[in-house]
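User: I am new to this structure and would like to be taken through it. Could you show it to me before we begin?
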2 protein chains.
Amino acid sequence: MATIYDVSVLAGVSLATVSRVMNNNAKVSEKTRQKVLAAMEELGYRPNTIAQSLASNRSNSVGILVSELYGYFYSAMLSGIEKELRRAGKHVIIAAGHSNKSDEVDGIEFLISRSCDALILHVEAVSDDFLIELSKTNTPFVLINRQVESLSSNCIVLNNEQGGYLATKAILEQGHRKISYISGPLWKRDAQDRLTGHKKALADYGVAFEEPLFVESDYTESGGVESMRRLLQKNISFSALVCANDEMASGAMSESRAQGIDLPNELSIVGFDNVVFARHLYPKLSTIEYPINEMGKMAAQMVLRNVYDIDKFDLQNLFEPKFIERDSIRPI
Amino acid sequence: MATIYDVSVLAGVSLATVSRVMNNNAKVSEKTRQKVLAAMEELGYRPNTIAQSLASNRSNSVGILVSELYGYFYSAMLSGIEKELRRAGKHVIIAAGHSNKSDEVDGIEFLISRSCDALILHVEAVSDDFLIELSKTNTPFVLINRQVESLSSNCIVLNNEQGGYLATKAILEQGHRKISYISGPLWKRDAQDRLTGHKKALADYGVAFEEPLFVESDYTESGGVESMRRLLQKNISFSALVCANDEMASGAMSESRAQGIDLPNELSIVGFDNVVFARHLYPKLSTIEYPINEMGKMAAQMVLRNVYDIDKFDLQNLFEPKFIERDSIRPI
DNA sequence: TTGTAAGCGTTATCAT
DNA sequence: ATGATAACGCTTACAA
């Protein structure tokens with residue numbers, strides 16, 4: 001592999017000059033620039049990025065920590081990040097945190113030891129205080145899906161409350177008044193917010209929130225079937241169901257059908273997240289779109305701007321969900 | 001950040017000795033080792049991986065090229081790769097090739113310029129000759145889902161023919177004899193192989209392959225609905241349908257239902273790939289499992305063994321699919 | 001077993 | 001505008 005030295009010899013200039021034309025950050029006469037370019041071309045020269053990093057103290061790489069590599073949600077996020085970063089010539093190093101504290105901490109240390117210029121983190125288990133401490137080190141980061149007050153300008157979040165509101169509103173507008181709700185685990189902020197939105201929508205339409213129609217679950221499909229079973233056992237009627245995510249909606253749909261309920265005629269259902277299989281369900285699930293790909297893209301732009309001083313982006317911290325109408329809601 | 005120099009001073013030894021205990025590749029007396037370890041601990045020393053790479057000409061990183069970051073298939077593959085590599089202290093750099101030649105070539109060059117020690121490639125557009133040329137450079141690679149004869153020991157592939165065989169066999173065993181087939185694009189090797197398996201199964205059961213029951217499509221959901229429409233228009237009856245992937249099966253199911261066909265009673269369907277939404281379909285789709293996560297893991301092990309000389313793995317090039325029984329096939 | 005010192009391929013600070 | 005040359009933090013002969 002040709003080095004900068006080979007180029008300088010062939011072009012008959014110094015190392016420094018070659019470096020200058022590569023980074024074009026200093027004045028080089030057009031004539032020598034051409035000589036150098038020609039030499040590079042002839043040698044098929046490729047700068048050694050490792051050496052560049054060592055010398056410049058910049059790795060041009062950003063570390064990404066996601067909970068899992070697997071699945072629609074994270075892959076959409078990664079895809080948004082990678083595309084944007086790659087376009088700017090940066091690259092991504094990826095680690096998984098598996099939603100537990102020690103893996104998350106390990107992952108972060110790993111990424112830092114890899115000399116990442118910045119981090120994009122989707123962490124769940126680590127504490128706010130840990131993140132605040134981390135912000136005092138010299139590796140800047142942005143947080144996706146996590147709101148830490150004192151770091152808020154580096155946080156990118158979805159307006160979950162609004163999403164919860166929209167889901168329930170869509171149901172209410174079709175005339176439903178007896179509406180059950182399957183929630184995510186309430187220790188999670190997003191589950192809380194979605195529920196808050198739900199309640200607000202009910203209030204706006206003058207419908208009382210009824211405790212018996214509510215069940216807290218765990219965001220999984222099996223949680224959905226179990227919750228549906230519980231709801232049905234109570235023997236109180238309801239014509240619609242809002243689920244705090246699509247997984248649970250899928251479970252609830254299976255269980256409903258198993259119990260002989262005709263979907264969507266006897267029961268309207270709405271989900272949340274718009275995961276990929278939502279439109280493969282039967283009936284096709286109406287749900288709330290979670291623009292995670294966009295949010296990943298924004299995270300990338302945020303580091304491009306804050307860390308690499310590429311100033312052409314408008315930054316945005318809060319993303320708005322929107323309602324996706326399909327076939328799972330019927331007027332009453 | 002503390003450097004190896006700081007450690008050596010504090011421990012009262014030379015740089016070289018510190019390096020030796022880090023890499024424990026040379027004899028160091030237990031006493032000095034302890035001194036060094038203590039010094040590292042005290043300083044919170046973290047080796048600078050960039051400098052290590054430059055000096056050792058090893059980056060401890062492996063480049064991954066996938067067609068897309070987005071979606072279950074690739075995320076499952078990445079997840080398998082990352083987990084295995086990370087455990088060995090290597091890390092992954094990821095690029096996307098978008099199934100087109102120029103992006104694939106760019107991606108590969110990008111990864112090489114990042115000094116990856118090895119590559120794991122899932123490429124579709126690039127030619128065999130290109131890959132053969134690439135194998136002459138000094139960056140070794142393994143190929144997932146691609147068979148190149150002269151590189152076969154570095155190829156990891158699924159036995160697609162066997163998968164096609166199993167899918168059709170499952171249908172045949174339920175007594176079906178009029179079986180239609182929606183194929184993937186036949187310029188793709190996997191589509192060919194799956195079809196070959198299908199034909200072989202038919203032959204084994206003494207059923208003739210009938211051209212009118214065959215349609216070539218494109219592996220997409222909309223291709224599935226369109227193909228189903230074409231099949232139905234022909235007005236020849238069939239009691240079962242095998243689809244060369246789950247996407248098309250999903251499309252075919254929607255279209256069938258739209259045309260008033262009662263699934264699975266009037267039509268049995270089998271898919272291929274076992275993508276995540278397969279079990280969310282209604283009826284839950286019986287399909288062929290594609291162990292892509294395992295294959296990713298194997299790719300990582302291959303690199304670990306061939307490039308990093310970690311010798312504890314049994315390598316395997318061919319993976320066997322298996323039939324997943326769910327609710328979409330009924331006896332005739 | 002331990003130390004010395006020459007790289008690794010760049011960048012960046014001085015001079016010129 | 002260009003050239004020397006000292007870092008950057010580590011590995012690895014070669015000596016001792």
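Analyst: What follows is a short conversation about the chains, the DNA strands and some local details.

User: What should I know about the model and its numbering?
Analyst: This is a predicted model, in which local features need pLDDT of at least 70 and side-chain atom pairs count only at pLDDT 80 or more, while totals for chains, interfaces and linings use all residues. Residues are numbered from 1 along each chain as its sequence is written, and chains are lettered from A and ligands numbered from 1 in the order in which they are written.

User: How is chain A divided?
Analyst: Chain A has domain 1 (4–56), domain 2 (61–158 + 292–319) and domain 3 (160–290); these bounds come from an automatic or database domain assignment. Between the C-alpha centres of domain 1 and domain 2 of chain A there are 33 Å.

User: By what turn can chain B be laid on chain A?
Analyst: A turn of 180° with a shift of 0.0 Å along the axis lays chain B on chain A, with an RMSD of 0.1 Å. That is the relation of a two-fold axis. The superposition is by least squares on the C-alpha atoms of residues with pLDDT of at least 70 in both copies.

User: And how many residues of the two chains are in contact?
Analyst: 35 residues of chain B are in contact with 35 residues of chain A, where contact means that the C-beta atoms, placed from the backbone, lie within 7 Å. On the side of chain B that touches chain A, α5(B) gives the most, with eight residues. Helices (H or I, at least four residues) and strands (E, at least two) are DSSP runs, numbered from the N terminus. By class, this side of chain B has 18 nonpolar, 12 polar and five charged residues. Here Ala, Val, Leu, Ile, Met, Phe, Trp, Tyr, Cys and Pro count as nonpolar, Asp, Glu, Lys and Arg as charged, and the others, Gly among them, as polar.

User: Why do the copies meet through the same surface?
Analyst: 100% of the interface residues of chain B are also interface residues in chain A, so the copies meet through the same surface.

User: Moving to the DNA, which residues are closest to strand C?
Analyst: The closest are I4(A), S19(A), A55(A), A16(B) and K27(B), among 27 residues that surround DNA strand C. A residue is near a strand if its C-beta atom, placed from the backbone, lies within 6 Å of it. The surface near DNA strand C divides into 16 nonpolar, 10 polar and one charged residue.

User: What about strand D?
Analyst: 27 residues surround DNA strand D, the closest being A16(A), K27(A), I4(B), S19(B) and A55(B). The largest share of the surface near DNA strand D is that of α2(B), with six residues. This surface has 15 nonpolar, 10 polar and two charged residues.

User: In what order do the four strands of the open sheet in chain B run?
Analyst: The order is β7-β6-β8-β9 (chain B), and the pairing is parallel; strands pair if DSSP finds at least two bridges between them. The edge strands, each pairing on one side only, are β7 (214–216) and β9 (268–270) of chain B. β8(B), residues 240–243, pairs with β9(B) over three bridges, and V242(B) has V270(B) as its bridge partner.

User: Where are the cis peptide bonds?
Analyst: One joins L263(A) and P264(A), with omega about 0°. P264(A) is in the loop between α11 (246–258) and β9 (268–270) of chain A. The bond from Y282(A) to P283(A) is also cis, with omega near -5°.
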